[in-house]
Amino acid sequence: MDHASTSAPATEKYPAGLRIIAVYKAVKTVGLIFIAIAAFRLDREQNFQNLVQWLEHLQLAESNSIRWSLVRLLESMGPAKFIAVGIVALVYAAIFATEGIGLWMRKHWAEWFTVIATGSLVPVEFYECIVRFGWLKLAVMVANILIVIYLVRIALRPRHGDASAAAGEPL
């Protein structure tokens with residue numbers, strides 16, 4: 001028996017795309033943690049009122065309607081709802097961190113977990129693009145669709161040590 005033909009390389013070629021997706025998930029995780037921190041700070045009435053007053057006095061000539069829409073939105077929500085925003089942001093941060101760490105550590109389960117988590121948001125993103133179109137929303141939706149397609153292709157490939165691949169059987 002030829003030893004060279006039966007021994008596999010110690011490290012299987014790992015697609016760079018998985019590393020890129022892992023970094024993308026890490027950036028989203030950090031962003032959501034910052035959002036959660038800000039939301040938890042806004043649950044205090046004084047901090048909330050300071051933000052509203054700051055927005056009311058901010059001089060943004062070209063985006064005045066956006067500013068007043070934001071002020072009205074914040075006032076309608078009130079400071080107590082920011083706790084819920086912070087909790088939701090932390091939940092999503094935990095999901096993205098799990099995906100990113102799993103992908104970075106080359107875990108097969110992380111590929112499928114990311115497919116399911118990312119794929120489950122595509123219908124919501126599609127709806128958002130239809131109802132309130134924005135180029136950024138469209139770009140995020142397209143990026144997530146491409147990530148899902150890419151990860152499905154990666155997850156379905158034969159693995160070193162997989163019994164069916166080792167036996168030469170088709171998947």
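Let's start with E128 and R132, whose side chains meet in a salt bridge, with N and O 2.9 Å apart. Please keep in mind that this is a predicted model. R132 is partly exposed, at a relative accessible area of 47%.

E128 has another partner too: its side chain meets that of K137 in a salt bridge, at 3.3 Å from N to O. K137 also counts as partly exposed, with 31% relative accessibility. Through these shared partners, E128, R132 and K137 are joined into one network of salt bridges.

So how many salt bridges does the count come to? Three. Let me show you the pair formed by E99 and K25, where the closest N and O atoms are 3.0 Å apart. Which helices does this pair connect? E99 sits in helix α5 and K25 in helix α2, so the salt bridge ties together parts that are 74 residues apart in sequence. And are these two residues buried or exposed? E99 is buried, and K25 is buried as well.

Now, please turn the model to the surface. There you'll find a nonpolar patch of about 510 Å², made by V23, V27, I101, W104 and M105. Two elements give two or more residues to this patch: α2, spanning 16-42, and α5, spanning 81-104. Those are the helices we just met, with K25 in α2 and E99 in α5.

Let's take V23 from the patch as an example. This residue lies in helix α2, and V23 is partly exposed, with a relative accessible area of 43%. Patch members need over 30%, so V23, at 43%, passes that cut-off.

That's my tour, folks. Thanks for listening!

Definitions and conventions. Residues are numbered from 1 along each chain as its sequence is written. This is a predicted model: local features need pLDDT of at least 70, side-chain atom pairs count only at pLDDT 80 or more; totals for chains, interfaces and linings use all residues. Side-chain values use heavy atoms; hydrogens and water are left out. Patches are made of residues with over 30% relative accessible area and no salt bridge: like charges are joined within 9 Å, nonpolar side chains (Val, Leu, Ile, Met, Phe, Trp, Tyr) within 5 Å. Accessible areas come from the Shrake-Rupley method with a 1.4 Å probe; for residues, only the protein chains shown count as cover. A salt bridge is a side-chain nitrogen of Lys or Arg within 4 Å of a carboxyl oxygen of Asp or Glu. Helices (H or I, at least four residues) and strands (E, at least two) are DSSP runs, numbered from the N terminus. Buried means under 20% relative accessible area, exposed over 50%, partly exposed in between (1.4 Å probe, protein chains only).
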